[in-house]
Amino acid sequence: MRSHNFAVTFRLRDFATGDFETLFEIDQACYEPAIAYSRGELRRYLRSPGADCIVAESAGAVIGFCLTARQRDRGHVITIDVLEPCRRQGAGSALLAETERHLAAAGVRRVSLETATNNAPAIAFWERHGYRILGVRKGYYPGGRDAYAMAKLLS
Ligand SMILES: CC(C)(COP(=O)(O)OP(=O)(O)OC[C@H]1O[C@@H](n2cnc3c(N)ncnc32)[C@H](O)[C@@H]1OP(=O)(O)O)[C@@H](O)C(=O)NCCC(=O)NCCS
């Protein structure tokens, strides 16, 4: 168990097939309908070559996850989701740190992602972890919302 001296004590583990529906529900809860993944999209990302998914579990229940893809030395964060009542207690940071360890071990040097330009908590989270805004992708999300393209070099 990984304790952060906060209300939520959690542990990290790899995704298992039986987590699928819970991850779908968490993603639906974390994003507005235009941005949340459909079951088909989520399944496709989980099955894509180089996909890696780590989940955070508290008291036997999944409270968050981080899903990435990689190609050669490039990694991409597909999504990182933590249930709202469990936020600001280190789960997102722990998921990201473990994800970056996995990516680095697989030879990834650079990690990129997109996040909505109005998602202030996420932007603060990424900047806190060394990701920098590279530019804006206009109309990136279904529904037309813009995204920041962000990236970080792994040391
Ligand atoms: C982004 C997200 C994963 C962060 O998860 P989390 O478990 O709350 O993250 P942590 O507790 O590890 O936060 C680490 C740091 O990030 C920053 N941060 C996180 N949430 C923040 C917020 N709401 N406002 C300002 N800074 C924030 C802070 O610096 C925080 O450190 P602190 O709590 O000591 O101040 C979570 O907010 C989430 O699931 N959001 C909905 C889905 C989403 O937008 N995902 C990212 C888009 S790609």
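The shell around the ligand divides by class into 9 nonpolar, 7 polar and 4 charged residues. This is a predicted model. In it, 20 residues surround the ligand. The closest are Arg87, Gly92, Ser93, Pro121 and Ala124.

Four elements each supply at least two residues of this shell: β4, α3, β5 and α4. Helix α4 spans residues 120-128. With 5 residues, α4 gives the most to the shell.

Strand β5 also has two pairing partners, listed here.

| Strand paired with β5 | Residues | Bridges | Direction |
|---|---|---|---|
| β4 | residues 74-82 | 3 bridges | parallel |
| β7 | residues 147-153 | 7 bridges | antiparallel |

Individual bridges can be named on both sides. Glycine 75 has valine 111 of β5 as its bridge partner. The route from β4 to β5 passes through helix α3, residues 91-105. This β-α-β crossover is right-handed. On the β7 side, glutamate 114 has alanine 149 as its bridge partner.

The side chains of β5, residues 110-116, alternate between two faces. Val111, Leu113 and Thr115 point to one face and are buried. Arg110, Ser112, Glu114 and Ala116 point to the other face and are not buried. Val111, the partner of glycine 75, thus belongs to the buried set. Glu114, the partner of alanine 149, belongs to the set that is not buried.

In short, β5 pairs in parallel with β4 and antiparallel with β7. Strand β5 also supplies at least two residues of the ligand shell.

Key. Residues numbered from 1 in each chain as written. Predicted model: local features only at pLDDT ≥ 70, side-chain atom pairs only at ≥ 80, totals over all residues. Buried ≥ 20, exposed ≤ 12 C-beta atoms within 10 Å, placed from the backbone. Pairing = 2+ DSSP bridges. Right-handed = clockwise from strand over helix to strand, strands pointing away. Near = placed C-beta within 6 Å. Nonpolar A, V, L, I, M, F, W, Y, C, P; charged D, E, K, R; others polar.
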